[in-house]
Amino acid sequence: SVFAVGDVRRTRKAERRLHVVEARVATGELVRHYDVADGQRLGNGRVVVAASQTHGGFIVWREEKNIVWQVHRLGQTNPRWEMHHAKHVQTELTPEDMLASTLAEAGAADAPRFTMAYTKNGVAKTLVVELVRVDNGMEVRRVGVVSDRADSVAWRTDGVAGAARKGRVAYHRDTYGPVTGVTVCAGTAHVVVQTRGGLVAALAHGHREPVWLRDEALAHAQDMAFVDLPAPASPAEHAARATDPSVLPSPFARFVLHWVAWAQTLRAWVLAGLGLSRNAVDVSPAGAELVPLAAGDQFGFSKLAVFGSSTGVVAALGSQGGVRSWARYVAHGDSPATIEHIFVTRRSPPLGGEPPVAVAVGRGVGNHTVIAPLDALTGAPLPGLVQQVMPFAYARVFELPATDPTSGQQILGFVPADGAPRLVLWPPSAAAARAFCAAPKPFFFELGDDIGSTRVRGFRAVCPDVWAPDAPSEVFAQPAWTFELPPGEVLVAAARFEPGGYATALQGRVLGDRSVRYKYINPHLMTLAAQGPDGVSVYLIDRVSGFLLHTATHATARVDEARPFLAVQSESRVIYQLWFDAIPATAAAPPARGFVTVVAELFESDRADERTTDSAVSSRDLRLPSVVTEAFAAPEPATALAVTRTRARIATRDVLFALSSGKLLALPDQLLDARRPLTPSADEKAEGLLPYAAPLPLDPRRVVSHRNAVTGVRRIVSHPTDLESTALVAAFGLDVFFTRLSPSGVFDQLAPTFSKANLVITTLALAVGCLLARPMVRRKLTNRAWA
């Protein structure tokens, strides 16, 4: 039989009863249903179901203000349940310990097992017990116990799964949280523990380190940010220090530092030429300890990827090799904080100094806002910047265009979800508020862009003339505009520029006849997608004025949970993907249905060599852009979109697609050009436009994840390096994948096949040849002078 167990709440008091339904597995025919625990006070953490193939299934519960376990065997109504005392298996338990204990499921075994978590003398313990059928009923046996201390985890098994064993491993609770789940494996005698932060580790007798571990916290990652590591000091920087008396007052010390720096640089060049240099980060096995990274490399390839997880863990991985650098568990009370945003509010200075700062923002108990500033290099809390809990739930959070003069951090702005719209600044100091109010440009933000909304409102931050004593860092929000969706439409998605996504090195596109068509660059561009009775409408609006710039309606399109709307903005382009129930036939493709990728490119005018303004686009004097759109058939459904970013935006860009099949596809933006003609003219060929083709190619050479299947990607983040040719790309969801891309080729690097040894040998041979030829040339010149 198969059993289904549910609970029914009674109307009076807080009493419940457990309802059991038994059905036949083969036919689904109802065998019987009955109630147990009728009229008892039950709750989460005091009811557990334990089952096994050998002994069947059991329900174990503990009533409120009761210390005994009540055990019911599924399918048995006489007796309804038996009572067992926890002190029979763990003699150190007191009534206070048992009243505060919680029950949870344990791993599968030959006998049904469950765990009991309690605290004894400040040590969190997890007791593993199993239920065994005997002649006169049931017997409760202890399998083992795990003690979670502040700096270690100790465990002991009682011989039920084999010989009695025990051990202890070093573990800091502030990295991945307390232990919440324990499984004792009978075959290997391993004890598998799971922490609240998502770390799973196997412990074994005689091992001081875990046999293996998995960081499942990253499977729940909600956001990530790259942290630039301080680059090793170059000879020029050493020379700057060596000539600055404020750094080294002793002239002799500056002289020694200067020549030591040159000696270290020469040694690094020689080792690199001989192939003996080591990478900045070594690949480490999954079970290795955390390896802090304090310095990067000369090209900016080595960075820290800081992830924020819904399990309360903030973890940093090295970009080269994926080595785990540090982890920090962020809690609010006894519960983990749901980390939703990671901000790098202070970057690494070029010559050292204050460490970079990563700020984790999430939600805690009661949906309150939790702010945890951490040292981005080590994960340690920063002196003077402690974890803070705001007494409100935030609706929006963003980086503000101002820096706190006290801490040197970028100021964050929070918009509370309740009450009148307002902006709460962090750090909450008068100096930060004055710095924000002294910014040369006003700050605008919008609310109402959530799924299901019917209007979006824009606000302008206005500083008060006199700061309130009880709110020294709150800024007024003055309504600026309102954008109402047409009747019957609801918002399904919204997209904005990623930080720096609107920047470009080229203000226009040079056409084949050498004329220029200028791009419409608006950093305040925002994309809204709304579903209505007539299909899906896409709106491009200005976030400062609320001005509608462009509208596109797709009559046969549909957006739902299985077919999401994805969009990314880059420079003057908007790329989005959505599902069409019926794609109209065109000259290049027959009618069909499926996912379509739409590219909309914005220009200042529909004519070449014509600009609507001589300066950047102003939200105070907006003019409608000229929009060119084109649609392409998507090779596969995508789960995330992104565009590569380089330092100066000179290199071409790749459009990144995280496909549902687990592939990470990088297509050159030349393929997603809205101006691709069916039959290119001579000028269009000279411009480099490709003939239009409806399907986007799924070229295996463009699958940058290679043979790796990257599952459940929710977001793709790109970050520039110090080389213009190269961009870093991280995709994360259930899996985490990292790679480097060079969309325009590695034009600023030597090829891997370049022979550095031959270069050194050739240079030395030329130097020796010059030395040998010098006397002969001098003799020849002397003879010519006497001739």
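The following legends describe close-up views of strand pairing in a predicted model.

**View 1. An open sheet of six strands with antiparallel pairing.** The strands are arranged in the order 28-29-30-33-32-31. Strand 28, covering residues 394-403, and strand 31, covering residues 444-447, are the edge strands, and each of them pairs on one side only. From one strand to the next, the twist averages 35°.

**View 2. Pairing of edge strand 31 with strand 32.** Strand 32 comprises residues 455-462 and runs antiparallel to strand 31, with four bridges joining the two. Leu447 has Arg457 of strand 32 as its bridge partner.

**View 3. The hairpin of strand 4 and strand 5.** Three residues lie between these two strands. Strand 4 (residues 47-52) pairs with strand 5 in the antiparallel sense, and six bridges are formed. Within this pairing, Val49 is matched with Ile59 of strand 5 as its bridge partner.

**View 4. The hairpin of strand 5 and strand 6.** Strand 6, residues 68-73, is joined to strand 5 by four bridges, and the two strands run antiparallel. Val60 stands opposite Val71, a residue of strand 6. Six residues lie between the strands of this hairpin, in which Lys65 takes a positive phi near 65°.

**View 5. Burial of strand 5.** Strand 5 spans residues 56-61 and pairs with strand 4 as well as with strand 6. Five of its six residues are buried, that is, under 20% relative accessible area. Strand 5 is therefore largely enclosed by the rest of the structure.

How values were computed. Residues numbered from 1 in each chain as written. Predicted model: local features only at pLDDT ≥ 70, side-chain atom pairs only at ≥ 80, totals over all residues. Heavy atoms only, no water. Pairing = 2+ DSSP bridges. Axes fitted to C-alpha atoms, helices over the stretch in contact; angles between N-to-C directions. Buried < 20%, exposed > 50% of the residue type's maximum accessible area, 1.4 Å probe, protein only.
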